[in-house]
Amino acid sequence: LPEYRAAERIERKRLPPGHAILGATLIRLGDLQRRMRQLDDADRSLSEAIDILAASRSGQYAQALQFHGGLLRAQGRFDLAAQRYLDSFEVFRERTGESVYTWLTALLRMEALIDAGRIPEADTVASQARAAFARMPEDPYAKTYETNATGLLRHVQGRHAEAIALRREGLDGL
């Protein structure tokens, strides 16, 4: 945290206001603050990063939206988190196409939808993500995350046999 704060101070002093490098630092700072449960500080950092990077619609902008979704989930604001993840998904899709980043973000959205009690929507996202991952080259991390996330959904749906099978597959990946 002290190193990120020092970087932020230096960048604010030496760079023009709203510089993309400051936006990138604020993304990392905001994510660290969220992990440290400094949620108000994280919201300020991530919101400023989003404002700075919005015009670029870059991968970093998508990541800022994604991290803000994680913050919103931590705050219990599940519907807004699901929207942030959808926005991030769309930017990742613009920038990286049908990439792992795009579909991992979809799975984060699926988890926020579960949190919000929007199970049918979560199921649709899970089906789309599973189909997308099947078209991609094998990625052990993505496969493990997808099976565990889908296992959670199946558990919430009361589809316990499927949930157990998926969670076992996810454990094998871990």
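Start by selecting Ser99 and Thr96 in this predicted model: a polar contact of 2.6 Å joins their side chains. Keep Ser99 on screen and add Thr102, whose side chain makes a polar contact of 3.1 Å with that of Ser99. Ser99 sits in the loop between α5 and α6. Is Ser99 buried or exposed? Its relative accessible area is 14%, and buried means under 20%, so Ser99 counts as buried.

**Across the loop: aromatic rings**

Next, show the aromatic side chains. How many aromatic pairs does a search of the whole structure find? The count is three. One of them is Phe89 with Trp103, an edge-to-face pair with 5.0 Å from centre to centre and 75° between the planes. Because Phe89 belongs to helix α5 and Trp103 to helix α6, this pair ties together parts that are 14 residues apart in sequence. Phe89 and Trp103 are both buried.

Now move to Phe92 and Tyr101. Their ring centres are 5.9 Å apart and the planes lie at 20°, so this pair is stacked. Colour the two by accessibility: Phe92, at 7% relative accessibility, counts as buried, whereas Tyr101, at 55%, counts as exposed.

**Into the largest nonpolar core**

Leave Trp103 selected and add Leu107, Met110, Ile114, Ala122, Phe133 and Leu153. Of the 25 residues in the largest nonpolar core, these seven touch the most other members. Helices α5 (78-96), α6 (100-115), α7 and α8 each contribute at least two residues to this core. Which helix gives the largest share? That is α6, with nine residues.

Zoom in on Met110 and display its surroundings. Apart from neighbours within four places in sequence, Met110 is in contact with Ala122, Val125, Ala126, Ala149, Thr150 and Leu153. For a look elsewhere, select Ile52, Ala62, Leu65 and Phe67, which are among the 19 residues of a second, separate core.

**Down the axis of α7**

Select α7 and check its length: the 17 residues should span 24 Å at 1.5 Å a residue, and the end C-alpha atoms are 25 Å apart, which agrees. Highlight Ile119, Ala122, Val125, Ala126, Ala129, Ala132 and Phe133, the buried residues here. Turn the view to look down the axis: these buried residues fall within an arc of 140°, so they line one face of α7. They pack against α6 and α8. On the other side of α7 you will find Pro120, Ala134 and Arg135 exposed.

**On to α9**

Helix α9 (residues 160-173) is the next selection. Its 14 residues reach 20 Å from the first C-alpha to the last, close to the 20 Å expected at 1.5 Å a residue. Pick out Ala163, Leu166 and Gly170, which are buried. They cover an arc of only 70° around the axis, which puts them on the same side of α9. Show α7 (119-135) and α8 (140-156) as well, since the buried residues of α9 pack against them. Then rotate to the face turned away from the buried side, where Ala161, Arg168, Leu171 and Asp172 are exposed.

**Last stop: Gln33**

Finish with Gln33 in helix α2 (residues 20-35). Its relative accessibility is 0%, so Gln33 counts as buried. What does Gln33 contact, leaving aside neighbours within four places in sequence? Select Leu1, Arg5, Gln38, Asp41, Ala42 and Ser45 to see those partners.

Key: Residues are numbered from 1 along each chain as its sequence is written. This is a predicted model: local features need pLDDT of at least 70, side-chain atom pairs count only at pLDDT 80 or more; totals for chains, interfaces and linings use all residues. Side-chain values use heavy atoms; hydrogens and water are left out. Helices (H or I, at least four residues) and strands (E, at least two) are DSSP runs, numbered from the N terminus. The expected span of a helix is 1.5 Å times one less than its number of residues. Buried means under 20% relative accessible area, exposed over 50%, partly exposed in between (1.4 Å probe, protein chains only). The arc is that of the directions from the helix axis to the C-beta atoms. Contact means heavy atoms within 4.5 Å. A nonpolar core is a set of buried Ala, Val, Leu, Ile, Met, Phe, Trp, Tyr and Cys residues joined through side-chain atoms within 4.5 Å. A polar contact is a pair of N or O atoms within 3.5 Å; within protein, one must be able to donate a hydrogen and the other to accept it, and residues adjacent in sequence count only if both atoms are side-chain atoms. Rings of Phe, Tyr and Trp (its six-membered ring) pair if their centres lie within 6.5 Å; planes under 30 degrees apart count as stacked, over 60 as edge-to-face and the rest as tilted.
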